[in-house]
Amino acid sequence: TLGLDEVQAPVLLIGLGYQALAEYNLQRDETDGNILSVQYKKERLPGDLGFDPLGLSKGQGSDIKGLHNIEVNSGRLAMIGVTSFLFKEFLVKDPEIASKIL
């Protein structure tokens, strides 16, 4: 069987490549001619690729920067949670110690 260990690197590389290509396409129309100097537009946030299926960023009273900050903070909290699970799973092998720590 094909486990997650064998497909993790290719899937990660494809995902990072797709994200880099999407960012490049949004910044490709720069006027300075140097693609290495990224100049973000003031109305655009980094990572904003225009994917908004629920239309939360359009309409009256929409707070795009507030939604972006909520998303970043939720992602940080998720990373802290995943780190604690990984710590418990891989670093603490004794179940008695793991139950006392976490």
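**Note on a three-helix predicted model**

1. Along the sequence the chain reads α-α-α. It has three helices and zero strands. The model is predicted, so confidence comes next.

2. The average pLDDT over the chain is 76. A score of at least 70 is reached by 75% of the residues. Helix α2 has the highest confidence, with a mean of 85. Helix α3 (residues 95-101) has the lowest, with a mean of 72.

3. Helix α2 covers residues 64-91. Its length checks out. With 28 residues at 1.5 Å a residue, α2 should span 40 Å. The C-alpha atoms at its ends are 40 Å apart, so expectation and model agree.

4. The N-terminal end of α2 is capped by D63. A side-chain oxygen of D63 sits 3.2 Å from the backbone nitrogen of G66.

5. A nonpolar patch lies on the surface. Its members are V82, L86, F87, F90 and L91, and its area is about 500 Å². L86 belongs to α2. Is L86 buried, exposed or partly exposed? L86 counts as partly exposed, because its relative accessibility is 43%; the partly exposed class runs between the 20% and 50% cut-offs. On helix geometry in general, an α-helix has 3.6 residues a turn, so residues three or four places apart point the same way.

6. Buried residues are 9% of the chain's 102 residues.

7. Q19 is in helix α1 (residues 4-27). Q19 has 32% relative accessibility, so this residue also counts as partly exposed. Which separation do the C-alpha atoms of Q19 and L49 have? They are separated by 9.0 Å, with the two residues 30 residues apart along the chain.

Terms used: Residues are numbered from 1 along each chain as its sequence is written. This is a predicted model: local features need pLDDT of at least 70, side-chain atom pairs count only at pLDDT 80 or more; totals for chains, interfaces and linings use all residues. Side-chain values use heavy atoms; hydrogens and water are left out. Patches are made of residues with over 30% relative accessible area and no salt bridge: like charges are joined within 9 Å, nonpolar side chains (Val, Leu, Ile, Met, Phe, Trp, Tyr) within 5 Å. Accessible areas come from the Shrake-Rupley method with a 1.4 Å probe; for residues, only the protein chains shown count as cover. A salt bridge is a side-chain nitrogen of Lys or Arg within 4 Å of a carboxyl oxygen of Asp or Glu. Helices (H or I, at least four residues) and strands (E, at least two) are DSSP runs, numbered from the N terminus. Buried means under 20% relative accessible area, exposed over 50%, partly exposed in between (1.4 Å probe, protein chains only). pLDDT is the predictor's confidence in each residue, from 0 to 100. The expected span of a helix is 1.5 Å times one less than its number of residues. A polar contact is a pair of N or O atoms within 3.5 Å; within protein, one must be able to donate a hydrogen and the other to accept it, and residues adjacent in sequence count only if both atoms are side-chain atoms.
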